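Student: I would like to go through this model step by step. Please show the sequence and the structure before we begin.

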Amino acid sequence: NHLEGHLLSPFIDVTELPPHIALIISGGHTLLLRVDAPACYRKLGSTLDDAAGEAFDKVAKMIGLPYPGGPNVERRARGGNSSAFSFPRGLLHEPHFDFSFSGLKTSVLYTLPKLENLDDSLADLCASFQAAVIDVLLQKSLRACKEQKLSHLAISGGVSMNQALRLAFQGACESKGISLTLSSPALCTDNAAMIAFAAALRLKNSAGAEDSSAHGFSV
């Protein structure tokens, strides 16, 4: 399962896999899991509609930015005012750990006709949208750490290359005393190394025959 590859990719350079909360964020998936050991995972939450990366791609298309949307929205967001637009944080205050980004995407769509000049507002729009996505991912991940009584958080998947996201998580985790492990940028998108590493850990732990779909993954 390539999601298991993403899940484990932050730990390629370490010898042990610590119990932790894992956040996988990509174009097709947004998953929050508890990880106790190789092949021992429990899904805490997932997206109910758009994945985080999918929301980036769709918003980029709305505002005329090329695919892939994530890097292009991130570039346009630099220097923008992330408080310029009050976009919704879907399911942020719900007690569960599921995500929803469709309302945020729709809010951006309804905002566009109200703008006198999109070019003048583009940086602020992208920064505000990006901040809304990051805020939800960050707050739910921190709450999962607290409720699961784990002080280690790992993040992987293509969206985790976003520098604003990485800085936000680094600052928040440092202030909360949570250890943060991020996939290196070279391992954030789909790659062979993460699959080989996942297989090696399963072999080492004699779990090679188990089905990862029974441990919290959905594809």
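Student: In the hairpin of strand 2 and strand 3, which residue takes a positive phi?
Tutor: This is a predicted model. The hairpin has 2 residues between strand 2 and strand 3. The residue in question sits in the loop between these strands and is not a glycine, although its phi is about 65°. The residue with the positive phi is A39.

Student: Over how many bridges do strand 2 and strand 3 pair?
Tutor: Strand 2 covers residues 30-37 and strand 3 covers residues 40-46. One bridge sets R34 against R42 in strand 3. The two strands pair in the antiparallel sense, and the number of bridges is 6.

Student: Which residue in strand 2 does I24 stand opposite?
Tutor: Strand 1, residues 20-25, pairs with strand 2 in the antiparallel sense over 6 bridges. Within strand 2, the residue opposite I24 is L31.

Student: Which strands stand at the edges of the sheet?
Tutor: The open sheet has 5 strands with mixed pairing, in the order 3-2-1-4-5. An edge strand has a single partner strand, so one of its sides is left without a neighbour in the sheet. The twist from one strand to the next averages 25°. The edge strands are strand 3 and strand 5.

Student: At about what angle does helix 6 run to strand 5?
Tutor: Helix 6 spans residues 163-176 and lies across strand 1, strand 4 and strand 5. Strand 4 is 152-156, while strand 5 is 179-182. The angle of helix 6 to strand 5 is about 160°.

Student: Is helix 2 roughly parallel or roughly antiparallel to helix 4?
Tutor: Two packed helices are described by the angle between their axes and the distance between the axes. For helix 2 and helix 4 the axes are 10 Å apart and the angle is about 10°. Angles under 35 degrees count as roughly parallel. Helix 2 is therefore, relative to helix 4, roughly parallel.

Student: How many nonpolar residues are in the contact of helix 2 with helix 4?
Tutor: Helix 2 brings K58, V59 and M62 to the contact, and these meet K105, V108 and L109 in helix 4. By class, 2 of the contact residues are charged and no polar residue takes part. The number of nonpolar residues is 4.

Student: The peptide bond from Y67 to which residue is cis?
Tutor: The omega of this bond is near 0°. The residue that follows Y67 lies in the loop between helix 2 and helix 3. The residue is P68.

Student: Which helix supplies the largest share of the lining of the largest pocket?
Tutor: The largest pocket has a volume of about 380 Å³. Of its 17 lining residues, the closest to the centre are P68, G70, P71, G158 and V159. Helix 2 (52-62) and helix 3 (69-77) each supply at least two lining residues. The largest share, 5 residues, comes from helix 3.

Student: How many charged residues does the lining of the largest pocket have?
Tutor: The lining divides by class into nonpolar, polar and charged residues. There are 6 nonpolar and 7 polar residues. The number of charged residues is 4.

Key:
Residues numbered from 1 in each chain as written. Predicted model: local features only at pLDDT ≥ 70, side-chain atom pairs only at ≥ 80, totals over all residues. Heavy atoms only, no water. 1 Å grid on protein atoms, 1.4 Å probe; cavity = no way out; pocket = protein on both sides within 12 Å on 5 of 7 lines; lining within 4 Å. Points joined across faces, edges and corners; volume = space filled by probe spheres on them. Helix = DSSP H or I, 4+ residues; strand = E, 2+ residues; numbered from the N terminus. Nonpolar A, V, L, I, M, F, W, Y, C, P; charged D, E, K, R; others polar. Axes fitted to C-alpha atoms, helices over the stretch in contact; angles between N-to-C directions. Parallel < 35°, antiparallel > 145°, perpendicular 65-115°, else oblique. Contact = heavy atoms within 4.5 Å. Pairing = 2+ DSSP bridges.
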